[in-house]
Amino acid sequence: MIASITGILKQKTPHSILVDVHGVGYEAVVPLTTFYLLPSQDETVHLWIYTHVREDALQLFGFWTAEEKNVFLLLLGISGIGPKLAINILSGLPLAELVGAVKRGDVAKLSSIPGIGKKTAARLALELKEKILSVSVDSGAAGPILGKDAQRIEDAVSALVNLGYKSPLAKDAVKAVLKSRNGESGGEGLPIEELIKETLKVLSRT
């Protein structure tokens, strides 16, 4: 069972990453909260890993902190929540906000996450409230950002679609964010991490 990995980050997208560990490439699915903090390509990275084993597949899920992995495991303990939905939940809110919402029983905040209805949000708040008390989180800084990337707009839309937003809505929101960024050639220099964060803020208000 793989619990953590340290190696060279060879590839990263908002959905997954590839880490080279002594010549062996490990692909791991990551939440956006981890993606925001990843170093640049070809730099060393350490991730906490959850190994998901099924009869037909073995899949790795990577996390920047042990606390993030712990919350992921707590989410998996709730009936009806699998690894993909757990990743979407972690991607939908910063970890500190997610933990805070659960502790407060803030169903409205939790149901704002794509793919989480009010019933599931209420179940999250009820079933996790006591368990999550042991989780301490730090709001932290956003970490390193990418330079100019011609694929960032496509990747941002793809990440939002993966979270459950419809493609046309995601595209319109991304365009709105870029249009609001005066200077920077209409947002051309906006890093993908910031583009996704700003677009999520726009979508949360719709």
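The legends below accompany an overall view and several close-up views of a predicted model.

**Figure 1. Overall view of the predicted protein model.** The protein comprises 206 residues, of which 41% count as buried. Its secondary structure consists of ten helices and five strands. The accessible surface amounts to about 10,600 Å², and carbon and sulfur atoms account for 53% of this area. Among contacts between residues at least 6 apart in sequence, 58% link residues at least 24 apart.

**Figure 2. Pairing of strand β4 with strands β1 and β5.** Strand β4 covers residues 44–53, and strand β5 covers residues 58–63. Five bridges connect β1 and β4 in the antiparallel sense; Ser4 has Trp48 in β4 as its bridge partner. The pairing of β4 with β5 is also antiparallel and contains six bridges. Within this pairing, Tyr50 faces Phe61 of β5. Four residues make up the hairpin connection from β4 to β5.

**Figure 3. The β2–β3 hairpin and the pairing of β3 with β5.** Strand β2 (residues 16–21) and strand β3 (residues 24–29) run antiparallel and are joined by six bridges. Val21 stands across from Val24 in β3. Two residues separate the strands of this hairpin. Strand β3 also pairs with β5, here in the parallel sense and through two bridges. In that pairing, Val29 is opposite Phe61 of β5. Phe61 additionally stands opposite Tyr50.

**Figure 4. Backbone conformation at His22 and Asp42.** Most residues other than glycine have a negative phi. His22, in the loop between β2 and β3, has a positive phi, near 55°. With a relative accessibility of 82%, His22 counts as exposed. Asp42 belongs to the loop between α1 (32–35) and β4, and its phi is likewise positive, near 75°. At 46% relative accessibility, Asp42 counts as partly exposed.

**Figure 5. Salt bridge between Lys10 and Asp42.** The side chains of Lys10 and Asp42 meet with an N to O distance of 2.9 Å. Because Lys10 lies in strand β1 and Asp42 in the loop between α1 and β4, the pair ties together parts of the protein that are 32 residues apart in sequence. Both partners are partly exposed: Lys10 has a relative accessible area of 36%, and Asp42 has one of 46%.

**Figure 6. Salt bridges Arg54–Asp56 and Glu198–Lys201.** The model contains six salt bridges by the criterion applied, including the two shown here. In the pair formed by Arg54 and Asp56, the closest N and O atoms are 3.2 Å apart. Arg54 is partly exposed, with 47% relative accessibility, whereas Asp56 is exposed at 63%. The side chains of Glu198 and Lys201 meet at 3.6 Å, N to O. Helix α10 (residues 192–204) holds both Glu198 and Lys201, which are three residues apart, or about one turn of the helix. Glu198 is partly exposed, with a relative accessible area of 24%, and Lys201 is partly exposed at 46%.

**Figure 7. Surroundings of the buried residue His52.** His52 is located in strand β4. Its relative accessible area is 18%; His52 is therefore classed as buried, the limit being under 20%. Leaving out residues up to four places away in sequence, His52 touches Ala57, Leu58, Gln59, Phe61 and Pro83.

**Figure 8. Nonpolar surface patch formed by Met1, Val53 and Leu58.** The residues of this patch together have about 390 Å² of accessible area. Met1 is situated in the segment before β1 (4–12) and is exposed, with a relative accessible area of 81%. Leu58 of the patch is also one of the residues in contact with His52.

**Figure 9. Environment of Asn88 in helix α3.** Helix α3 spans residues 83–92 and includes Asn88. Asn88 counts as buried, with 7% relative accessibility. The side chain of Asn88 reaches the backbone oxygen of Asn162 at 3.4 Å. Apart from neighbours within four places in sequence, the residues in contact with Asn88 are Ile113, Asn162 and Leu163.

Terms used:
Residues numbered from 1 in each chain as written. Predicted model: local features only at pLDDT ≥ 70, side-chain atom pairs only at ≥ 80, totals over all residues. Heavy atoms only, no water. Buried < 20%, exposed > 50% of the residue type's maximum accessible area, 1.4 Å probe, protein only. Contact = heavy atoms within 4.5 Å. Patch = residues over 30% accessible without salt bridge, like charges linked within 9 Å, V, L, I, M, F, W, Y side chains within 5 Å. Areas by Shrake-Rupley, 256 points an atom, 1.4 Å probe, with all protein chains shown as cover. Salt bridge = Lys/Arg side-chain N within 4 Å of Asp/Glu carboxyl O. Polar contact = N/O pair within 3.5 Å; in protein donor to acceptor, adjacent residues only side chain to side chain. Pairing = 2+ DSSP bridges.
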